[in-house]
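Subject: Model handover

Hello,

Here is the model I promised you. Please open it alongside this note.

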Amino acid sequence: MRKAIKFTSFVYCLLIGFILIIVMGLPVLPLTIAGIDFIGEIAFSTGLEFQQTEVGGLSGITYDASKEVYYTISDDRSQKAPARFYTLKIDLTSGKLKPEGVKIIGVTTLLDEDGKPFAPLSLDSEGIAFTGESIFVSSEGDVERQINPFIKEFSVTGKLLKTLPIPDKFLPNAKGDGGIRNNLGLESLTVTPNRKYLFTATENALVQDGDVPTNQTGTTCRILRYNLASGQPEQEFVYITEPLVGESTPPGSFITNGLVDLVAIADNRLLSLERAFSQANGITIRIFDVSLEKADNIQGIDSLKSRLTQVSPAQKRLLLDLKDLNLGLDNLEGLAFGPLLADGKRSLVLVSDNNFNPLQLTQFLGFGINFQQTP
């Protein structure tokens, strides 16, 4: 009799799991990622215009399942045109991302507290996440101009709804010995499938937490989790990037690696996107499966420099190094889940920030992720 009850309970749990998969559109834990397949590429040349705005600097992307559209943020600092996001249709019905599969269908201006477009150089919008009703946008700010980072909530028409508090430890100070580094701040943004939490993260370590990456070690980013019901930051986690790729050749040339975006699978499960660059090696893009299950909450630790060995960081597993695709890669900075594909895999779309540089492209890459339930 006990065995029959246990079996019935097991079947019931599986049934509930399948219902959640259908309703939420994303798998529920426990799960494994059995594989990730490339399904296509599209690229637009720099200079493309839509409704008198230059389409470029696309640094983040998010999916609106109800309307079957994507929103992608431009990191134009309200200079070429007012701060804005674009609405896209991306056709994956064939299971492939085909050359004609991406269409721009709208552009929305972000409005400030006064209901006006943001002033030039007042923000550096990098991340975007859709909640089901509204959009959150993260800005790195500008350390050199003493402009703080922010996370703001907007309606889908661009009206400002709310500003989330940023913990003091993330804010740059006048002495330069604390807070985010310039252009290495809140690059990522994602909302969990149950719409309970919002995640963001620093691209590199806070000044008081450690150094930028080297050829031997990564950098200690902070992942920050907000409770959307309260609007308050409630947990922080250490995320350690990979080391630099190659050498600074010629000496003194620009070289970097950082955490540029996240997409939530569950409350404690993410995909991360790391982007490295050097003149010698070009662009390196890697996607990781990240678990926060065993990571310590470091919210109460203001500086990690002397305490890093005492902290358990997020665990991560390499899913894909895009060099294996043998593609010419641009500056990929955004990723988002899309709809289920015909074969049952979850679609994933990456987008690149062309820096409004005529030598770069706005690139879209499509993937199918095989999630498998683990009883």
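Below is what I found in it, from the overall fold down to single residues.

First, the ground rules. This is a predicted model: local features need pLDDT of at least 70, side-chain atom pairs count only at pLDDT 80 or more, and totals for chains, interfaces and linings use all residues. Residues are numbered from 1 along each chain as its sequence is written, and side-chain values use heavy atoms, with hydrogens and water left out.

Overall

The protein has one helix and 22 strands. Helices (H or I, at least four residues) and strands (E, at least two) are DSSP runs, numbered from the N terminus. The C-alpha atoms fill a box of roughly 70 × 50 × 45 Å along the principal axes. The radius of gyration is 20 Å, which agrees with the value near 21 Å for a compact globule of 375 residues. That radius is taken over C-alpha atoms, and the globule rule is 2.2 Å times the number of residues to the power 0.38.

Of the 375 residues, 55% are buried. Buried means under 20% relative accessible area, exposed over 50%, partly exposed in between (1.4 Å probe, protein chains only). Among contacts (heavy atoms within 4.5 Å) with a separation of 6 or more, 60% join residues 24 or more positions apart. The exposed surface is about 16600 Å², with 53% supplied by carbon and sulfur atoms. Areas come from the Shrake-Rupley method with a 1.4 Å probe.

Side chains carry 34 positive and 43 negative charges, and the centres of the two sets lie 7 Å apart. Lys and Arg count as positive, Asp and Glu as negative; His and the chain ends are not counted. Each charge is placed at NZ of Lys, CZ of Arg, CG of Asp or CD of Glu.

Cores

A nonpolar core here is a set of buried Ala, Val, Leu, Ile, Met, Phe, Trp, Tyr and Cys residues joined through side-chain atoms within 4.5 Å. The largest has 23 residues; L271, L322, L348 and L350 touch the most other members. Elements giving two or more residues to this core include strand 1 (31-45), strand 16 (255-266) and strand 21 (346-352). Strand 22 gives the largest share, four residues.

What does L350 touch, leaving aside its neighbours within four places in sequence? Its contacts are L273, I287, L322, L332, G334, L335, Q363, F364, L365 and F367. Another core, of 20 residues, lies apart from the largest one; Y63, Y86, I90 and L341 are among its members.

Single residues

L318 is in strand 19. L318 is partly exposed, with a relative accessible area of 43%. Beyond its neighbours within four places in sequence, L318 contacts R286, I287 and F288. V143 is 175 residues from L318 along the chain, and their C-alpha atoms are separated by 32 Å.

A cis peptide bond joins T249 and P250, with omega about 0 degrees. P250 sits in the loop between strand 15 (232-240) and strand 16.

Two positive phi values deserve a look. Q52 has a phi of about 60 degrees though it is not a glycine. Q52 lies in the loop between strand 2 (49-50) and strand 3 (53-54) and is exposed at 73% relative accessible area. Q146, also not a glycine, has a positive phi near 60 degrees. Q146 belongs to the loop between strand 9 (135-139) and strand 10 (150-154) and is exposed at 70%.

Best wishes
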